[in-house]
Amino acid sequence: MGLFDSFKEAMKRGSEAANAHIERERAKQQAAAQPAPAAKHAPRKSNLPEGVVMSTLPDDPYVFGDVKMRVTASILTKKRSGEQIDPAVQRQEIKDIAKEILMREIPASGATSGDVKTCLLAGNHIGQIIIAELNSRGYEARFKLPLIITPMQQQQQQ
């Protein structure tokens, strides 16, 4: 009868293992159904080096005559003096400087023609002017994404 005893014991262990597995699956389903506890919102850590701020130029169209232009770029800046200022304030200052230069240089560069090649060349030239201006105002500045000027849909004259 030893064979039947070991068979009964094996069946009992198998049944217990199956019941334990079913219980674990039920616990997983219940845990998945319950909302996760709210995590404390820690400040987002930037991947940028200490003191470096990335400013993205707004996507507002620039209108010159009958040509609308979109200007995109991302600029990395850091104060040379090591002075820490609020990143939002720094971003706004960078955007204001860039906008001032764009409003002055886009018409002078001929990019208002809407010609794609002229816009690309103007973007390279104006980008250098923006970086030089930021450097003269106490920033270390570099482009993360280059300055690109693209003509938008031409307005229809009626």
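A salt bridge is taken here as a side-chain nitrogen of Lys or Arg within 4 Å of a carboxyl oxygen of Asp or Glu. With that rule in hand, the charged pairs of this predicted model can be followed one by one. Five salt bridges are counted in total.

A good place to begin is the pair formed by Glu-133 and Arg-137, whose side chains meet with an N to O distance of 2.7 Å. This contact does not stand alone: Glu-100, Glu-133 and Arg-137 are joined into one network by salt bridges that share partners. As for solvent, Glu-133 is partly exposed at a relative accessible area of 25%, and Arg-137 is partly exposed as well, at 36%.

Another salt bridge links Arg-26 to Glu-23, with 3.3 Å from N to O. Both residues belong to helix H1, which covers residues 2–33, and they sit three residues apart, or about one turn of the helix. Arg-26 has a relative accessible area of 48% and is therefore classed as partly exposed. Glu-23 falls into the partly exposed class too, with a value of 47%.

The pair made by Glu-105 and Arg-104 brings together sequence neighbours, their closest N and O atoms being 3.2 Å apart. Here the two partners fall into separate classes of exposure. Glu-105 has a relative accessibility of 15%, so this residue counts as buried, the cut-off being under 20%. Arg-104, at 43%, is partly exposed.

Aromatic side chains offer a further setting for charge. Lys-79 lies over the face of Tyr-139, at 4.6 Å from the ring centre. Pairs between aromatic rings, on the other hand, number zero in the structure.

These local contacts can be placed within the overall fold. The protein contains three helices and four strands, and from the N terminus on the order of the elements is α-β-β-β-α-α-β. Contacts that span long stretches of sequence are well represented: of those between residues at least 6 apart in sequence, 72% join residues at least 24 apart. Of the 158 residues, 23% count as buried, and Glu-105 is one of the buried residues. The accessible surface comes to about 11300 Å², and carbon and sulfur atoms account for 55% of that area.

Technical notes: Residues are numbered from 1 along each chain as its sequence is written. This is a predicted model: local features need pLDDT of at least 70, side-chain atom pairs count only at pLDDT 80 or more; totals for chains, interfaces and linings use all residues. Side-chain values use heavy atoms; hydrogens and water are left out. Helices (H or I, at least four residues) and strands (E, at least two) are DSSP runs, numbered from the N terminus. Buried means under 20% relative accessible area, exposed over 50%, partly exposed in between (1.4 Å probe, protein chains only). Rings of Phe, Tyr and Trp (its six-membered ring) pair if their centres lie within 6.5 Å; planes under 30 degrees apart count as stacked, over 60 as edge-to-face and the rest as tilted. A charge sits over a ring if NZ of Lys or CZ of Arg is within 6 Å of the ring centre and within 35 degrees of the ring normal. Contact means heavy atoms within 4.5 Å. Accessible areas come from the Shrake-Rupley method with a 1.4 Å probe; for residues, only the protein chains shown count as cover.
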